[in-house]
Amino acid sequence: PGFNLDWVEDKLSNHHAAGGSSMSPSLIQNSKARYVIDMVEDLHGRGSAYSGDPFKCIVFSQFRNVLNVLGSQLILRFGQSAVAEFWGKYRKLELEKFTDGLQRTWKCTTCGYVNEPLEKRCKRQRLKVVIRNNHGQLQEALWTGNVWADEIQGYFRGFSFQRLQVVSIRNPGTPGLQGREDYVTATVVDANRCNEKRRKGVWQRENVDCFLLLLSRDGSTGLDLSMVTHVILLDKIW
C-alpha cells in the first residue's frame, strides 16, 4: 500500500516528539492502517473484477506486531467474523473460517452469548447501572440493576464502558419509570463479565463472510489459497 505511509502509533510518537499535544484527524486519516481499511472496504464492495469470485484478501507481513496493530483496527471496522488470524493453537479453525466461511464458536449456556473458540470464559460484558431522579437536589435512585453491554443503545463490539459513564438503556418499566420513553438515561457504577467457563458452553458452527486472512511467515507455506483474489503486502519491497 505504499511505504511512504506510516502507522498511526509512529505518527503519534513523532507528533508528541515535535511538541504536539493531541493527534489531529489528518494524521489518523493518512496512516497506513486507515489506508488499508479504506482500500479493503472499496474492494469488498466491488468484489473481484478479475474472475467474478467473492473477494478474498490476504494481508501479509513478516512482523507479527504489524499484523496485531492492523488486525485490531480491521476487527473494529469489519467485525470479528470477517477477519481470520493464521497463527497460534487455533489456526486450522481460522483457516477454515477464511476458506470455507465456517466459524466454530461456543455459546454460553448462562447468557446465550456467542464466543470465539479462543475464549476460555464468556466475554459478554455486564454493567451495573443506576437511574436517578434528576429533578431537585436529592438525586434519588429510581432503579438499580444489571444490563448487558450489547443491549446499550449505540453499542458496538469492542467498545469498553467506564465507571460513571452515562448510557442509554431500555426502560425497565419499574415504578417511577412507567410512562417514560422507551430508552432512559442511566449511570454505570460497575462493570464485569459473565465469565462462564468454556467447557460448559455448547459448540456450534455458523456461516460467516470472512474475507480477510492475516498471514505471517510462520506457517505461510504449503497452504492451498487458490480462492484468494487480492494480497496486501504491508512490508517494504526492496
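At 24% relative accessibility, Leu 223 counts as partly exposed, a value that belongs to a predicted model, as do all those that follow. Leu 223 sits in the loop that runs between strand 10 and strand 11 (230-233). Once neighbours within four places in sequence are set aside, the contacts of Leu 223 are with Phe 86, Leu 95 and Leu 215. The pairing with Leu 95 spans 128 residues of sequence, while the C-alpha to C-alpha separation is 9.4 Å.

A view of the whole chain gives this loop some context. The protein has 238 residues, of which 37% count as buried, and its secondary structure comes to 5 helices and 11 strands. When contacts between residues at least 6 apart in sequence are considered, 66% of them join residues at least 24 apart. The exposed surface comes to about 14200 Å², with carbon and sulfur atoms supplying 47% of it.

The interior is a good place to look next. In soluble globular proteins, nonpolar side chains tend to be buried together. Here the largest nonpolar core has 22 residues, and those with the most contacts inside it are Val 40, Val 59, Leu 74, Phe 78, Leu 212 and Leu 234. Two or more residues of this core come from each of helix 3 (32-46), strand 1, helix 4 (64-78) and strand 10. Helix 4 provides the largest share, with 6 residues. Apart from this core lies another, of 14 residues, including Val 129, Ile 131, Phe 161 and Leu 177.

Leu 212 offers a helpful close-up of the largest core. Leaving out neighbours within four places in sequence, Leu 212 touches Val 40, Val 59, Leu 74 and Phe 78, among others. Its contacts also include Cys 57, Ala 82, Val 83, Ala 84 and Phe 98.

Phe 98 leads on to helix 5 (91-100), where the buried residues are Leu 93, Glu 94, Leu 95, Lys 97 and Phe 98. These buried residues pack against strand 1 (57-60), strand 2 (83-85), strand 3 and strand 10 (212-215). Just after helix 5, Gly 101 adopts a positive phi of about 70 degrees.

Helix 5 also takes part in enclosing an internal space. A search of the whole structure finds 1 cavity of 30 Å³ or more, and the volume of the largest cavity is about 30 Å³. Its lining is made up of Leu 93, Glu 94, Lys 97, Gln 103, Arg 104, Glu 116 and Pro 117. The elements that contribute two or more residues to this lining are helix 5 and strand 3 (102-107), and the largest share, 3 residues, comes from helix 5. By residue class, the lining of the largest cavity divides into 2 nonpolar, 1 polar and 4 charged.

A further residue of interest, Gln 125, has its place in strand 5 (residues 125-132). Gln 125 has a relative accessible area of 13%, so it counts as buried, the cut-off being under 20%. With neighbours within four places in sequence left aside, Gln 125 is in contact with Val 147, Trp 148, Ala 149, Phe 159 and Phe 161, as well as with Ala 191, Asn 192 and Arg 193. One of these partners, Phe 161, is also among the residues of the 14-residue core.

Key. Residues numbered from 1 in each chain as written. Predicted model: local features only at pLDDT ≥ 70, side-chain atom pairs only at ≥ 80, totals over all residues. Heavy atoms only, no water. 1 Å grid on protein atoms, 1.4 Å probe; cavity = no way out; pocket = protein on both sides within 12 Å on 5 of 7 lines; lining within 4 Å. Points joined across faces, edges and corners; volume = space filled by probe spheres on them. Helix = DSSP H or I, 4+ residues; strand = E, 2+ residues; numbered from the N terminus. Nonpolar A, V, L, I, M, F, W, Y, C, P; charged D, E, K, R; others polar. Buried < 20%, exposed > 50% of the residue type's maximum accessible area, 1.4 Å probe, protein only. Contact = heavy atoms within 4.5 Å. Core = buried A, V, L, I, M, F, W, Y, C linked by side-chain atoms within 4.5 Å. Areas by Shrake-Rupley, 256 points an atom, 1.4 Å probe, with all protein chains shown as cover.
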